[in-house]
Every structure is written in structure tokens, then in C-alpha cells.
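Please examine the classifications assigned to this model. For each, the value should be set against its criterion before a conclusion is drawn.

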Amino acid sequence: MVTPIEAEQLTVVPANEASWDDLQAVFGTADAGHCQCQRFKIRGWIWRDSTQDERTAMLQDQTACGDPTAPSTSGLVGYVDGTPAGWVAVEPRTAYPKLRTSRVPWTDRNEDKDDEGVWAVTCMVVRKGYRGRGLTYLLARATIDHARTRGARALEAYPMVTQPGKQITWGELHVGPRQAFEEAGFREITRPTVRRTVMRIDF
């Protein structure tokens, strides 16, 4: 029986207040470790146009891990009972060059792609051993205060629409499940594909 993670067990901090070792412990060596949360950062094809070392260096620079005085960071790190267990990428939408050319955020919308007041949640990673325990729900909730206190006027996510009993790989679900954002208070504004939705919360 899998024990759900309770809110009181979780501490979430901006990534610059976490150590680099803690973040890499979350990412591990699976898909997340290879990508290093650069899918929406690299303009070309992630594996062809960058090396593992380059992606790792990019993430380290973007997060500013270990520097609590850094003016910005690219996400949040979640600790369960003191152990690094989760990551969520959340920044101004303009920080993701490849998001500009993805059809998911823009289908049936007339949005200003250069609006820095709109933030976006693009990736969630849960460390092996903590999966299937509701951590993504808690991380989705944590992005709201983080974005709002840093001046965002709206926050978006582009999650997967999951179906009961249907297996979904991490490669698909790194954007998070729709239910996690819905329970956090986001509302669906478009459904660009059968399996992807645009969720948003305005401040």
C-alpha cells in the first residue's frame, strides 16, 4: 500500500535555496537526468543540438542552486521529511523559447507571447520512491504563491489529460496531470489536443 504524502511532510523552496546535489538527487539518471529540464529552453532538437554536459551546465546556471541571494531561479525543489523528492519548473512564460513555437499553448488563443506577466509551469519531476503518492498535486499548489509573490499576474500549465487504467510514461507526464492543476485552482481555458490542455489561474 502506497502512503500518500501529507502537506505537513513537505517543504518547498526556490531552487536557489536548495543545493545542486539535492536537485540532482531528484533528477537521477532516467529521462529527467538526461533532459535536465531543457526541453523548452533549447530552440532545436534537445538531443541533437546539445550535449549532456551542456544541458547540465544550463540547468545549474538557471537554478542558481546554492545561492540564496540570486535574483531569480527556474523552479522549486520539494523536500519530504527533509529528503529532496520533487522538482517543478516555473518561470515567466517568456523564459521558454521553444514554448513560443509549440502549438499547445497558442491554439485558439490570441495571446501576447512577449507578456512577461504570464508565468508557466512546464515540468515536474518526482524522485523514484516518491512517485504515485500525490507529490505532483502539492508541487502544483506551491507554484501559485511562488509566481504570485514574484509579480506574476497569471500562471499557466499545459498538463496531460490522463485516463484511468491507461499507462503514461514519464516522457509524456513530465508536464503534470490535469487533475493536479485543477485541484490547485487552475481552470481549463483550451483543449488543443485530445490529451493536452491549457490550464490557467489569474491573480
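Q: Why is D145 called partly exposed?
A: In this predicted model, D145 has a relative accessible area of 44%. Buried means under 20% and exposed over 50%, so a residue in between, such as D145 at 44%, is partly exposed.

Q: What makes D145 and R148 a salt bridge?
A: The closest N and O atoms of D145 and R148 are 2.4 Å apart. The criterion asks for a side-chain nitrogen of Lys or Arg within 4 Å of a carboxyl oxygen of Asp or Glu, and therefore the pair qualifies as a salt bridge. Both residues belong to helix 5 (residues 135-149), where, being 3 residues apart, D145 and R148 are separated by about one helical turn. R148 is likewise partly exposed, with a relative accessible area of 41%.

Q: Which residues are joined into one network by salt bridges that share partners?
A: The network consists of R93, R109, E111, E156, R187, R200 and D202. Within it, E111 meets R109 at 3.4 Å, N to O, and R200 at 3.6 Å between the closest N and O atoms.

Q: What makes the contact of R200 with E111 a link between parts separated in sequence?
A: R200 lies in strand 7 (residues 198-202), whereas E111 lies in the loop between helix 4 (103-106) and strand 4, so the pair ties together parts that are 89 residues apart in sequence. R200 has 8% relative accessibility and therefore counts as buried, while E111, at 27%, is partly exposed.

Q: Why is the pair of F181 and F186 called edge-to-face?
A: The ring centres of F181 and F186 are 5.2 Å apart, with 80 degrees between the planes. Rings pair if their centres lie within 6.5 Å, and planes over 60 degrees apart count as edge-to-face, so both conditions are met. F181 is buried, with a relative accessible area of 0%, and F186 is buried at 4%.

Q: How do you know that K41 lies over the face of Y96?
A: K41 is at 4.9 Å from the ring centre of Y96 and lies over its face. The distance limit for NZ of Lys is 6 Å, so the value of 4.9 Å satisfies it.

Q: Why do strand 1 and strand 6 stand at the edges of the sheet?
A: The 7 strands form an open sheet in the order 1-2-3-4-5-7-6, with mixed pairing. Strand 1 (10-14) and strand 6 (187-190) each have a single partner strand, so one side of each is left without a neighbour in the sheet.

How values were computed:
Residues numbered from 1 in each chain as written. Predicted model: local features only at pLDDT ≥ 70, side-chain atom pairs only at ≥ 80, totals over all residues. Heavy atoms only, no water. Pairing = 2+ DSSP bridges. Helix = DSSP H or I, 4+ residues; strand = E, 2+ residues; numbered from the N terminus. Phe/Tyr/Trp six-rings, centres within 6.5 Å; stacked < 30°, edge-to-face > 60°. Buried < 20%, exposed > 50% of the residue type's maximum accessible area, 1.4 Å probe, protein only. Lys NZ or Arg CZ within 6 Å of the ring centre and 35° of its normal.
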